[in-house]
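Please report on the local backbone features, one buried polar site and the nonpolar core of this model.

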Amino acid sequence: MQEKPPVMDVGKRLKQLRQHHNLSQRELAKRAGVTNSTVSLIELNNVSPSVSSLRKILDAIPVSLNDFFTDEPAEHYRFFYHADELAELGDGHLSFRLIGASRRNRKMTILHEHYPPGADTGDDMLAHEGEEGGVIVEGEIELTVDGESRHLSKGDGYYFDSTLPHRFRNTSNVTCIIVSANTPPSFSEGLRHHGSEST
């Protein structure tokens, strides 16, 4: 049986990029506006940074999220990904697992999303370039787009222009699972839930 390739080491990747740009942990933390311990804990893989926290740190290098999750060697000809190879972009509460994270020149983002009960992308509505759509696999979610709200259940779907203000909330008592896609690949800019900025 062929061995599965290892899952991307986020901490190791950040450390390599920081050292490549001749930055100390302290200098990177200062530029990013985070604590020195935050950078250290991420590099040690003792915490899983939220997308917004990781973006702040990478902007200080600067390296885009797309480049960060593009590992070597490029995977132009890989078609299949085992469940444990999906890169986790969540913050330890919300889970957003990215398919094909190390594939260069991706034209879209495909995510396996988990919203536990009470999860919320935040009071501040999301808005970013592109389009996005998805299907509810389990549970239900309250989705608000441009002032219009709808409760979506298993089997329901959505598709909208991502520049319109939008918000996802799980107001139920069971986890909601969504498979979604957005283009161009933006890693759902600004995605967070209440309290996810603690890192």
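Asn22 is exposed in this predicted model. Its relative accessibility is 71%, so the residue passes the 50% cut-off for that class. Asn22 sits in the loop between α1 (10–20) and α2 (25–32). Its phi is near 55°, a positive value in a residue other than glycine.

Asn45 also has a positive phi, near 60°. This residue lies in the loop between α3 (36–43) and α4. Asn45 is partly exposed, because its relative accessible area of 42% falls between the 20% and 50% limits.

Why do these phi values deserve a remark? Most residues other than glycine have a negative phi, and most peptide bonds are trans.

The backbone also departs from trans at Pro62 and at Pro184. The table sets out these peptide bonds beside the positive phi values.

| Site | Feature | Angle | Location |
|---|---|---|---|
| Asn22 | positive phi | phi near 55° | loop between α1 (10–20) and α2 (25–32) |
| Asn45 | positive phi | phi near 60° | loop between α3 (36–43) and α4 |
| Ile61 to Pro62 | cis peptide bond | omega near -5° | Pro62: loop between α4 and α5 (65–68) |
| Thr183 to Pro184 | cis peptide bond | omega near -5° | Pro184: segment after β9 (176–183) |

Next comes a polar residue. Is Ser95 buried or exposed? Ser95 counts as buried, because its relative accessibility is 13% and the limit is 20%. Ser95 belongs to strand β2, which covers residues 95–98.

Which side chain does Ser95 meet in a polar contact? The partner is Glu88, at 2.8 Å, side chain to side chain. Glu88 also appears among the residues that Ser95 touches beyond four places in sequence. The others in that set are Gly90, His112, Glu113 and His114.

The last topic is the nonpolar core. In soluble globular proteins, nonpolar side chains tend to be buried together. Here the largest nonpolar core holds 39 residues. Which members touch the most other members? They are Phe68, Phe69 and Tyr115. Helix α4 (residues 51–59) supplies the largest share of this core, with 4 residues.

Helix α4 thus links several of these topics. The loop with Asn45 lies between α3 and α4. The loop with Pro62 lies between α4 and α5. Pro62 takes part in the cis bond from Ile61.

Conventions
Residues are numbered from 1 along each chain as its sequence is written. This is a predicted model: local features need pLDDT of at least 70, side-chain atom pairs count only at pLDDT 80 or more; totals for chains, interfaces and linings use all residues. Side-chain values use heavy atoms; hydrogens and water are left out. A nonpolar core is a set of buried Ala, Val, Leu, Ile, Met, Phe, Trp, Tyr and Cys residues joined through side-chain atoms within 4.5 Å. Buried means under 20% relative accessible area, exposed over 50%, partly exposed in between (1.4 Å probe, protein chains only). Helices (H or I, at least four residues) and strands (E, at least two) are DSSP runs, numbered from the N terminus. A polar contact is a pair of N or O atoms within 3.5 Å; within protein, one must be able to donate a hydrogen and the other to accept it, and residues adjacent in sequence count only if both atoms are side-chain atoms. Contact means heavy atoms within 4.5 Å.
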